[in-house]
Amino acid sequence: MDFLIVIIEWFPYLIGGIFATLGLVGSALILGVIFGLPMAVGQVYGKRSIRFIIGIYVWFFRGLPVLVLLFLFYFGIFPGLGMDVPAFFVGATVLGLRGAAYQSQIFRGAIQSVSEGQMIAARSVGMTKLQSIRNVILPQAVRVALPGWSNEYPNILTDSAICYAIGVMELMTRTSQIVSQTYITMPIYLVCAGIFILLNYGGMRVLHMIEKKIKIPGFGTGAA
Amino acid sequence: MDQSVFIFQILLPVLMEGMVVTIKLIALTAPLGLVLGILVAVGRTYGSKPISLLCNGAVAFIKGTPLLLMLFILYFGLPSVGITLSAFVASLVGFIMCNGAYSSEYIRGAISSVKEGQIIAAQALGMTKMQAVRHIILPQALIRAIPGLSNEFIYLIKYSSLAYMLTVIELTGAGKMVAAKYFEFTEVFMIIGMGYLLLVTITTIAVMLIERKVAIPGMTQSGRNMLDIL
Amino acid sequence: MENNGTILRVENIHKSFGDLEVLKGVTFDVTKGETICFIGPSGTGKSTLLRCINLLTQPDQGSVWLGGEEVTNSGKKINHFRQRIGMVFQNFFLFDHLTAIRNVEIALIKVRGMNPKDAREKALEELRQVGMEEWAEHYPAELSGGQAQRVSIARALAMDPDVILFDEPTSALDPELTREVLEVMKKLALAGMTMLVVTHEMGFACSVANRIMFMEHGEIKEQGSPEELMSDTKFERCKNFIGQFDQTNGD
């Protein structure tokens with residue numbers, strides 16, 4: 001039973017990892033929106049050259065494993081640029097760039113599902129293309145995209161654990177440290193799994209509540 | 001050292017060896033993961049209360065836990081309860097469980113998109129429920145699940161890289177060793193990246209060909225029968 | 001207990017869905033070779049009755065007997081009985097992933113254990129019976145409604161059933177397609193197949209049925225031969241019902 005004592009002793013240290021984990025997830029989601037939304041707009045409304053560049057970006061960041069991206073940036077790109085970036089920020093950047101790639105496709109689908117008529121109506125009252133996009137298309141697209149976008153959360157959460165490979169002191173890394181210091185394996189791993197599952201569940205609940213809050217009556221996915 | 005010498009005489013041979021290991025991992029996982037996915041999907045849809053509860057619980061656990069953690073549990077944790085797996089086998093088991101869990105989600109969705117009447121007609125002919133599932137429901141469900149399953153296969157190609165964290169020298173691991181030895185990180189990892197992109201692109205083309213081959217008139221991949229009468 | 005010729009006996013079938021009692025004690029016998037048509041307002045339990053006969057729906061009370069053996073409460077043996085009771089559905093329920101010929105032969109192979117060659121031959125013969133042998137290699141999605149329904153009749157026939165249940169077989173079809181299906185059914189009836197048909201097609205009922213049963217509110221209110229129905233004054237309700245129908249159909 002003494003592993004129970006060990007777990008209780010190390011719990012604060014373990015929990016500390018949650019902040020780093022949530023930080024990684026948060027950046028991925030935020031950067032994902034900041035870069036993903038414009039990319040989606042570019043892919044739907046942009047010129048051929050723009051669509052091509054964005055296409056390459058998406059292909060690259062979705063096609064490479066997270067592990068390879070992390071190694072590439074941590075050992076290769078940042079040092080190559082002469083920058084000494086701490087592991088956490090490398091992780092946040094990689095997850096963010098990758099998140100943008102995935103999320104841009106979700107937003108793109110949502111934008112395309114907003115009916116043609118909306119754009120026509122907006123232009124007919126005199127809005128420019130950009131204004132129409134900003135004021136008519138995007139507000140609708142974002143609501144349609146929300147369920148799909150929320151589904152990114154569990155994926156990003158489990159991907160964040162891979163940042164262990166470059167030493168980010170998040171949940172997975174700390175768990176590993178505790179294990180190597182105390183030689184107790186299964187109970188600690190299972191506690192870690194439990195925390196991830198709780199974060200998963202809790203996060204989805206929060207996202208569902210947000211979905212409910214910004215819902216527009218009569219406006220569902222794919223409504224005309 | 002001259003770049004091309006480096007790439008062709010030192011790097012690529014090592015990467016090829018790593019690639020072989022990666023392909024082994026994928027080739028062993030995919031079929032077993034599919035079988036597991038089918039069994040779990042059937043268990044969740046048609047199983048008795050305890051079975052479907054067990055299956056749902058297992059899938060929820062696997063989906064909510066990082067794959068890396070699962071691999072550590074299998075490789076570092078199991079020995080403490082008397083089961084010791086080699087790094088390769090532990091990776092395989094982890095991948096099969098992950099692939100199976102996510103595949104079961106796609107197959108389950110596909111099963112529920114098969115029209116209700118199919119099972120009723122099968123039973124009216126005297127088929128038992130299991131016969132109906134095996135001969136009527138599953139063939140249709142698997143065709144509809146192809147997009148989802150191929151998506152999952154592509155994820156498999158990518159997360160096979162995590163085997164390196166258990167010291168399996170697959171593509172990523174092989175490359176890292178060379179990169180560390182010669183301090184050529186960016187280049188090496190870009191080439192490794194191309195390797196994975198190559199695998200993914202080949203897969204995407206193969207899937208398109210398969211979809212075309214098994215297409216049945218009237219069954220669109222979106223899961224809706226073109227002449228939907230119900 | 002069986003008179004010679006009684007192939008199916010339905011006794012006191014009750015069925016409720018929640019609070020709604022859909023069948024309130026339905027009882028009747030069917031003689032071999034008889035064609036019985038069930039008519040009546042929608043929602044009076046006619047389809048439910050058919051499904052209780054082959055236990056696709058479990059009756060709350062009552063029993064069903066096929067050739068002297070009890071179908072209800074037969075446990076695993078129900079699959080054996082279902083082979084002897086054919087069913088044709090309003091929405092055909094053809095197996096979408098199989099060609100027409102495969103639809104007809106699959107139960108022969110998987111349920112009856114016939115060898116594939118014999119099964120294929122028999123299936124082809126059944127398709128010939130319903131006039132669909134040219135379409136053997138086509139998929140359900142490629143067939144018109146009438147063609148699909150005829151294949152589904154062939155599928156039921158292939159099992160050599162003692163009785164075939166038809167659940168509004170033409171209700172989902174356009175008038176032109178309805179005719180080809182009714183033709184096939186008429187042929188079957190004249191050849192001596194025992195048939196229970198739930199239908200709105202009065203013309204068919206009056207010309208082909210040996211007995212017509214008028215159901216309302218979950219019970220058989222009136223029954224008799226088509227001639228009796230037309231002439232006898234006791235069939236008020238039924239005549240009124242048919243009358244309404246005639247008006248709306250402009251017959």
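**Group meeting: a walk through the three-chain model**

Let's start with a pair of strands in chain C: S9(C) and S10(C) run antiparallel, and five bridges hold the pair together. Before I go on, keep in mind that this is a predicted model. Take C:Phe214 as an example from that pair: its bridge partner in S10(C) is C:Glu222. On the sheet these strands belong to, helix H1 of chain C, residues 46-53, packs and touches S3, S6, S7 (163-167), S8 and S9 of chain C. The direction of that helix makes about 150 degrees with that of S7(C). Helix H5 of chain C, residues 145-157, packs on the sheet too, touching S6 and S7 of chain C, and its direction makes about 175 degrees with that of S6(C).

Okay, so what is the order of the six strands in this open sheet? Reading across, you get S6-S7-S8-S3-S9-S10 in chain C, and the pairing is mixed. At the edges stand S6 (85-88) and S10 (219-224) of chain C; each has a single partner strand, so one side of each has no neighbour in the sheet. Ignoring direction, neighbouring strands here are turned by 20 degrees against each other on average.

Now zoom in on S3(C). On one side, S3(C) pairs in the parallel sense with S8, residues 194-198 of chain C, over four bridges. If you want to find that pairing on the screen, look for C:Cys37, whose bridge partner in S8(C) is C:Val197. S3(C) also pairs in the parallel sense with S9, residues 211-216 of chain C, again over four bridges. There, C:Phe38 has C:Met213 in S9(C) as its bridge partner.

How many of the five residues of S3(C) are buried? Five of the five, for the stretch 35-39, so this strand is largely enclosed by the rest of the structure. And both faces are covered: C:Thr35, C:Cys37 and C:Ile39 are buried on one side, C:Ile36 and C:Phe38 on the other.

Chain C has another open sheet to show you. This one has four strands, in the order S2-S1-S4-S5, and the pairing is antiparallel. Its edge strands, pairing on one side only, are S2 (20-31) and S5 (69-70) of chain C. S1, residues 6-17 of chain C, is joined to S2(C) by nine bridges, with the two running antiparallel. For a landmark in that pairing, use C:Lys15, which has C:Leu23 as its bridge partner in S2(C).

Moving on to how the chains sit together. Two pairs of chains touch, and chains A and B share the most contacts. What about chains A and C? No contact joins those two, and their closest C-alpha atoms lie 26 Å apart.

Chain B next, with a change of scenery: eight helices, zero strands. Along the sequence, its pattern is simply α-α-α-α-α-α-α-α. The C-alpha atoms fill a box of roughly 75 × 45 × 25 Å along the principal axes of chain B. There are 230 residues in chain B, and 53% of them count as buried. If you take the contacts in chain B with a separation of 6 or more, 76% come from residues 24 or more positions apart.

Within chain B, have a look at H1 (residues 3-46) against H4 (residues 87-113). They pack at an angle of about 45 degrees, axes 5 Å apart, and are therefore oblique to each other. The crossing of H1(B) and H4(B) is right-handed. By class, their contact has 18 nonpolar, nine polar and four charged residues.

Last stop, chain A. Here H2 (residues 48-63) packs against H4 (residues 87-113) at about 120 degrees, with the axes 9 Å apart. That pair is therefore oblique as well, and the crossing of H2(A) and H4(A) is left-handed. From H2(A) you have A:Tyr57, A:Val58, A:Phe61 and A:Arg62; they meet residues of H4(A) including A:Leu97, A:Arg98, A:Tyr102 and A:Gln105. Sorted by class, the residues of the contact of H2(A) with H4(A) are seven nonpolar, two polar and two charged.

I'll finish on a single residue, A:Val25, in helix H1 (residues 2-45) of chain A. Is A:Val25 buried or exposed? Its relative accessibility is 3%, so A:Val25 counts as buried. Beyond its neighbours within four places in sequence, A:Val25 is in contact with A:Tyr153, A:Ile156, A:Leu157 and A:Ser160. And A:Asp159, 134 residues away from A:Val25 in sequence, is 8.9 Å away in space, C-alpha to C-alpha.

How values were computed
Residues are numbered from 1 along each chain as its sequence is written. Chains are lettered from A and ligands numbered from 1 in the order in which they are written. This is a predicted model: local features need pLDDT of at least 70, side-chain atom pairs count only at pLDDT 80 or more; totals for chains, interfaces and linings use all residues. Side-chain values use heavy atoms; hydrogens and water are left out. Axes are lines fitted to C-alpha atoms, for helices over the stretch in contact, and angles run from 0 to 180 degrees between N-to-C directions. Angles under 35 degrees count as roughly parallel, over 145 as roughly antiparallel, 65 to 115 as roughly perpendicular and the rest as oblique. A crossing is left-handed if the near helix is turned anticlockwise from the far one by less than a right angle, and right-handed if clockwise. Contact means heavy atoms within 4.5 Å. Ala, Val, Leu, Ile, Met, Phe, Trp, Tyr, Cys and Pro count as nonpolar, Asp, Glu, Lys and Arg as charged, and the others, Gly among them, as polar. Buried means under 20% relative accessible area, exposed over 50%, partly exposed in between (1.4 Å probe, protein chains only). Two strands pair if DSSP finds at least two bridges between them.
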